[in-house]
Structure formats: structure tokens, C-alpha cells
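This report goes through the fold, the overall dimensions and the main pocket of one protein chain. The sequence and model come first.

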Amino acid sequence: MNIYETHSTLETEEFAREFAKELKSGSVLAFYGGMGMGKTAFVRGLAKGFDLDCEVSSPTFAIVNDYGGNPPLVHFDMYRITSWEDLYTTGFFDYLDAGAIICVEWSENIENALPENTIHIEITKGIEENDRILKIY
């Protein structure tokens, strides 16, 4: 497990922009952390790291946002996914088979469907209001 600390949303995005260099086609990132912890900020940083010109937002209502790229960067919100049938309807497995780089918010809802080599990223609040602790394993 590696632990990092950021002190602002911009620092979280910059960390993720650099982290993007370590990812390859088929990478799956499972995010853990409550609302407002910076999961979407992390994905925004990844998009910058892949030089994508897109608006990154939480896919809360859409369930999935495909930001494009080669391989595509795909952002899921699994908050409302409660069954295997629900999961199949999201296109998750299609994106997985296509080698997309997949970011999953509320990944605990699909824990049993995550590939073995999934990168887990737990984001929690630090001491100060804008501090974030990033645990990556």
C-alpha cells in the first residue's frame, strides 16, 4: 500500500495527472470514499494526464461517462447498482473487454465483479478541510 497526501483539489488533480502515466489499456481503478472526498477530481486529473479535452463530472445520473481517448477513459458511478443484472446493463463488461481504462466510484457495490489486478484508491479527509489522504493498493 502506498499513502499520499494532497492539500487541495488542484493537488489531487495534479497527483492523478502524474499517476495516469502508470496506467495502461485495461487498467481498472476502484475508488472508495464518501461524497466530496475527491474521486471525481482524481478522474479529472487522469483525463488531463491523457490530454483529453473533456468536461469530467460525476456520472451519478448517467451511471457512465465515456471521455474518449485511446484507450478510452470511462468513469462509472455504481451507487445505484444492486444486482448483477443492473451491472450488465451499464456496459461495464463491454468496456472491460475493450481494454478501456475504467474508473469506478462506489466500487464496493460491485466488489465481486472487479478484476483481480484492480487498483484500489481509498480517499479520506485529512486534518485540514482540503487535505486528502490517498491510499493506493
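## Fold

Read from the start of the sequence to its end, the protein chain runs β-α-β-α-β-β-α-α-β-β-β. The radius of gyration of the protein chain is 14 Å, close to the 14 Å given by the globule rule for 137 residues, so the chain is as compact as a globular protein of that length. The model is a predicted one.

In total, the protein chain has four helices and seven strands. Of the contacts between residues at least 6 apart in sequence, 59% join residues at least 24 apart.

## Dimensions and surface

The C-alpha trace of the protein chain spans about 40 × 30 × 30 Å along its principal axes.

Of the 137 residues in the protein chain, 46% are buried, where buried means under 20% relative accessible area. The chain exposes about 7,400 Å², and 49% of this area is supplied by carbon and sulfur atoms.

## Largest pocket

The volume of the largest pocket is about 230 Å³. Its lining consists of 13 residues. Which of these lie nearest the centre of the pocket? They are Met35, Ser58, Thr60, Glu105 and Trp106.

Sorted by class, the lining of the largest pocket holds four nonpolar, five polar and four charged residues. Among the residues nearest the centre, Met35 and Trp106 count as nonpolar, Ser58 and Thr60 as polar, and Glu105 as charged.

Conventions: Residues numbered from 1 in each chain as written. Predicted model: local features only at pLDDT ≥ 70, side-chain atom pairs only at ≥ 80, totals over all residues. Heavy atoms only, no water. 1 Å grid on protein atoms, 1.4 Å probe; cavity = no way out; pocket = protein on both sides within 12 Å on 5 of 7 lines; lining within 4 Å. Points joined across faces, edges and corners; volume = space filled by probe spheres on them. Helix = DSSP H or I, 4+ residues; strand = E, 2+ residues; numbered from the N terminus. Rg over C-alpha atoms; globule rule 2.2 N^0.38 Å. Buried < 20%, exposed > 50% of the residue type's maximum accessible area, 1.4 Å probe, protein only. Contact = heavy atoms within 4.5 Å. Areas by Shrake-Rupley, 256 points an atom, 1.4 Å probe, with all protein chains shown as cover.
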